[in-house]
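The exercises that follow ask you to read a structure step by step, with the sequence and the model side by side. Try each task yourself before you turn to its solution.

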Amino acid sequence: MLLPLILPLSVLLLWQIATAREWLAPQILPSPLTVFWTFVDLVTSGDIVEGLAISLRRISVGFAIGAAFGLSLGIAMGRSAKLEQYVGPSLRAIAQVPSLGWLPFLMLIFGIGETLNYVIIAKACFVPITINTAAGIRNIPVHYVEVAHVLRLRRSAMLFRLILPGALPTIFSGIRLALGHAWIAMVVVEMLADTAGVGYMMTWGRTLFQIDIVIVGMVVIGAIGFLMDGGLRWIERRLRRWAPVHA
Amino acid sequence: MRAEALLDTRSSLDIQAVSKSYRVDGKPREILRDIRFTVEPGELVSVIGASGCGKSTLLRLIIGLDTDYEGDILLDGRSIDGPTADRGIVFQEPRLFPWLSVEQNIALGLDSSGASPAEVKRIVTEHIEIVRLNGFARAYPHQLSGGMAQRAAIARALVSRPKILLLDEPLGALDSQTRAYMQDELLEIWRREKITIVMVTHDIEEAVYLSDKIVVMEPEPGRVCGIVSIDAPHPRRRGTSKFSALKDRVLSVLVRTQSAASAGLVRSHPAAQGGIARRYG
């Protein structure tokens, strides 16, 4: 239970020692307490809440768009070997280009603003979800598919009784990967090409040479990413309640 | 009255000169050659033979999972074309969907029937009782023993009231005690449902215990080498001398073809002898 806390607590301790003994100048490495009070300030002033609200809306909308397209195309590719042959290789090639590699190009097309954020996030979600969904469906044991044919399952039963539950673990690792990538991409876009959100808050802190704000941003981004991943794992466990506990 | 009404729904199955080849490394490989036999309405017929004799392939052709073959498979005189609700199959493994409960798995058998949810519920409950899984409706497959899972698979095949039930070594993976118990369950279901059954097995004793007729096959390529009729009434007793005599008869058909094959003799169908009823078109 306490095992996962050992590492962060030791880092915190080391950080405290480092600042107490002034191994680094306070302007470069503020003490944990300073950072904590900055955090409280940012919360009470509403800055961080506002930034987070914007970032969370972006990730939700972008994720919803990317996931909807990714699931649809992934299901179609998993069901049709022909479609997979047409688009599969291109998608896997695109997946090798980091979402941020598209940033300069997309900035020219969409300009700086909400659309750019949504497009980058949706794209970051779309590719891994498509690839994983298709792979998960193709890996459903042929034994089960034969049963579905023999029972002549209708399309809805085929989808909700066989395909989605059968591919669920792979789909979910795709979704977790997607959300992780999208979150990182969004923060970077906010840092480079935006005037709102948590990422922008960090850039703003850096330009003011207020490293405490930057550190608050880092911790908040890490914590939110961690919570989102935990939430997805929880949802997956709920959906897989049928599974034996030690499997 | 119920029994009479059901009598009409029983089906006959005609396997007419069925041959099947796969291509392996570009070369055709013959799996089944000129298979011919008839299953009368309400009969329980076993297909027996060594592994590699194509008996499971034959069932896949009959159920409609594989439509690439020569010859004709007639169900009540009509050529089959893909899976339909009038044929049900139980595979060697239960093949229950692990993410669905027992009742949800069984209900899949009614998905294409257009039955109302209430009707589905009623029929599923009824069949859970038939296969004696009362109390396990909401259990998941991993919580069931092998025998229980196979009974759920039988129920899933039965709910749509198929006219003919195909069984592909359904008891092969079970321990001998469960197996003997399940054989009696199967006979009970066969009697109650008045259904036509074709069962693939490699167990001579099982075939003699259950069947009206045993189709004996030899491998490479799969061919019918004899058909043995068993006219003993149920229940049959395994220990009796009559039972042993029946087993010996089936065994003699199997052994003769094997020794003939290993001696390099011409692989012809063995001549009809006393007790071996041969029915070729």
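Two strands pair if DSSP finds at least two bridges between them. In chain B, the bridge partner of B:Val45 is B:Lys213, which lies in strand 9 of chain B. Please keep in mind throughout that this is a predicted model.

**Exercise 1. Describe the make-up of chain A from its elements, its extent and its contacts.**

Solution. Begin with the elements: chain A has ten helices and zero strands, and from the N terminus on they run α-α-α-α-α-α-α-α-α-α. Next take the extent, for the C-alpha trace of chain A spans about 75 × 50 × 30 Å along its principal axes. Then turn to burial, where 33% of the 247 residues in chain A are buried. Finally look at the contacts in chain A with a separation of 6 or more, of which 73% join residues 24 or more positions apart.

**Exercise 2. Decide whether A:Ile75 is buried or exposed, and find which residues it touches.**

Solution. First place the residue: A:Ile75 belongs to helix 3 of chain A, which covers residues 47-79. The cut-off for a buried residue is 20 or more other C-beta atoms within 10 Å. Because A:Ile75 has 20 other C-beta atoms within 10 Å, it is buried. Leaving aside residues up to four places away in sequence, A:Ile75 touches A:Thr133, A:Ile137 and A:Ile163. As a last step, compare sequence with space: A:Ile75 and A:Phe36 are 39 residues apart in sequence, and their C-alpha atoms are 46 Å apart.

**Exercise 3. Check the length of helix 4 of chain A against what its residue count predicts, and find where the helix bends.**

Solution. Helix 4 of chain A holds 16 residues, 81-96, and at 1.5 Å a residue it should span 22 Å. The expected span is 1.5 Å times one less than the number of residues, so the count is reduced by one before multiplying. The end C-alpha atoms of helix 4 of chain A are 22 Å apart, which agrees with the expected span. The helix nevertheless bends by about 40° at A:Val87, and a proline, A:Pro89, follows within four residues. As for its surroundings, helix 4 of chain A is hardly covered, with one buried residue among its 16.

**Exercise 4. Which residues of helix 9 of chain A are buried, and what covers them?**

Solution. Helix 9 of chain A covers residues 198-207, and its buried residues include A:Val198, A:Gly199, A:Tyr200, A:Met201 and A:Met202. Among the elements that cover the buried residues of this helix are helix 3, helix 8 (155-193) and helix 10 (211-239) of chain A. After helix 9 of chain A comes A:Phe209, which has a positive phi, near 55°.

**Exercise 5. Trace the four-stranded sheet of chain B through its strand order and its bridges.**

Solution. Start from the order, which is 2-1-4-5 in an open sheet of four strands with antiparallel pairing. Strand 2 (27-39) and strand 5 of chain B each have a single partner strand, so one side of each is left without a neighbour in the sheet. Strand 1 of chain B is joined to strand 2 of chain B by nine bridges, and to strand 4 (residues 70-75) of chain B by five. B:Ile15 can be followed in both directions, since it stands opposite B:Phe37 in strand 2 of chain B and opposite B:Ile73 in strand 4 of chain B. Two bridges then join strand 4 of chain B to strand 5 (residues 78-79) of chain B, with B:Leu75 opposite B:Arg78. The hairpin of these two strands has two residues between them, and there B:Asp76 takes a positive phi near 50°.

**Exercise 6. Trace the six-stranded sheet of chain B, and find where its edges lie.**

Solution. The open sheet of six strands has the order 6-7-8-3-9-10, with mixed pairing. Its edge strands are strand 6 (87-90) and strand 10 (223-229) of chain B, each of which pairs on one side only. From one strand to the next the twist averages 20°. Within this sheet, five bridges join strand 3 (residues 44-49) of chain B to strand 9 (residues 213-218) of chain B, and these two run parallel. Helix 5 (residues 146-158) of chain B lies across strand 6 and strand 7 (164-168) of chain B, at about 170° to strand 6 of chain B.

**Exercise 7. How many residues of each chain are in contact with the other chain?**

Solution. On the side of chain B, 16 residues are in contact with 16 residues of chain A. The chain B residues on this side divide into ten nonpolar, three polar and three charged.

Methods: Residues numbered from 1 in each chain as written. Chains lettered and ligands numbered in written order. Predicted model: local features only at pLDDT ≥ 70, side-chain atom pairs only at ≥ 80, totals over all residues. Buried ≥ 20, exposed ≤ 12 C-beta atoms within 10 Å, placed from the backbone. Contact = placed C-beta atoms within 7 Å. Axes fitted to C-alpha atoms, helices over the stretch in contact; angles between N-to-C directions. Nonpolar A, V, L, I, M, F, W, Y, C, P; charged D, E, K, R; others polar. Bend = angle between axes of the 7 residues up to and from the residue.
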